[in-house]
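Good morning, colleagues. Please turn to the sequence and the structure on the screen, and I shall go through the interior and then the surface.

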Amino acid sequence: MELTDGVLKRRSIRKYTEQHITEEDLRTILRAGMTGPSCANTRDWSFLVVRGRDTLIKMADANGRPAGPLRSCDVGILILGDLERTFPPAKDYWVIDGAIAGQNMILAAEGLGIGSVWLGIWPEMDRVENQRKLFSLPETVIPHSIIAFGYPAEERSGEHPDYEESRVHFEKW
């Protein structure tokens, strides 16, 4: 799949088949997350990979109703910010670095024919604390988001909004 096609055709998938993602494809997805740019190349993220159904359900419960796709996905990846690895003059960039890593993983999955949906955690502090407790995370490791991955059991429907000229400004507002 052409990269641009993957970006433009990608849709959030919330229902999955029982087909398992291979270890090779999972590694490709994780590698894509690790190749994204990060502030001063700090790579201030970590990834917690979950395949166990019971744990995926606990993650969904800890994150609330919008996290329902975790109940049927094959793999959930919890993106974590590691405050011990941040760039000292710009500590809050861990949030952006985690988002970039997540987007790269979503696009890699798309290229492999694997569906995904991004599930927010940060800055909803109740979700942050729920995931932190579930996985006994140290105080310096902050849950950023979860991505559910699996083979689509639903049609990729809906059109993304097209290019909107009114949202683009050249040289001045």
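In this predicted model, the largest nonpolar core has 22 residues, and those that touch the most other members are M59, L70, L78, L119, I146 and A148. Four elements each supply at least two residues of this core: helix α3, residues 53-63, and the strands β2 (75-82), β3 (115-120) and β4 (141-150). The most is given by β4, with 4 residues.

Let us take L119 as an example. Setting aside neighbours within four places in sequence, L119 is in contact with P66, A67, P69 and L70, and also with S145, I146 and A148. Another core, of 17 residues, lies apart from the largest one; F47, A109, I147 and Y151 are among its members.

I turn next to helix α5, which covers residues 125-134. Which residues of α5 are buried? They are V128, Q131 and R132. Viewed down the helix axis, the buried residues of α5 fall within an arc of 105°, and therefore they line one face of the helix. Their cover includes α3 and β4, and both of these elements also supply residues to the largest core. After α5 comes S136, with a positive phi near 50°.

Finally, the surface. L3, V7 and L8 make a nonpolar patch of about 310 Å². V7 is placed in helix α1, residues 3-9. Why does V7 count as partly exposed? Its relative accessibility is 39%, and the partly exposed class lies between buried, under 20%, and exposed, over 50%.

Thank you for your attention.

Key. Residues numbered from 1 in each chain as written. Predicted model: local features only at pLDDT ≥ 70, side-chain atom pairs only at ≥ 80, totals over all residues. Heavy atoms only, no water. Patch = residues over 30% accessible without salt bridge, like charges linked within 9 Å, V, L, I, M, F, W, Y side chains within 5 Å. Areas by Shrake-Rupley, 256 points an atom, 1.4 Å probe, with all protein chains shown as cover. Salt bridge = Lys/Arg side-chain N within 4 Å of Asp/Glu carboxyl O. Buried < 20%, exposed > 50% of the residue type's maximum accessible area, 1.4 Å probe, protein only. Core = buried A, V, L, I, M, F, W, Y, C linked by side-chain atoms within 4.5 Å. Contact = heavy atoms within 4.5 Å. Arc of directions from axis to C-beta.
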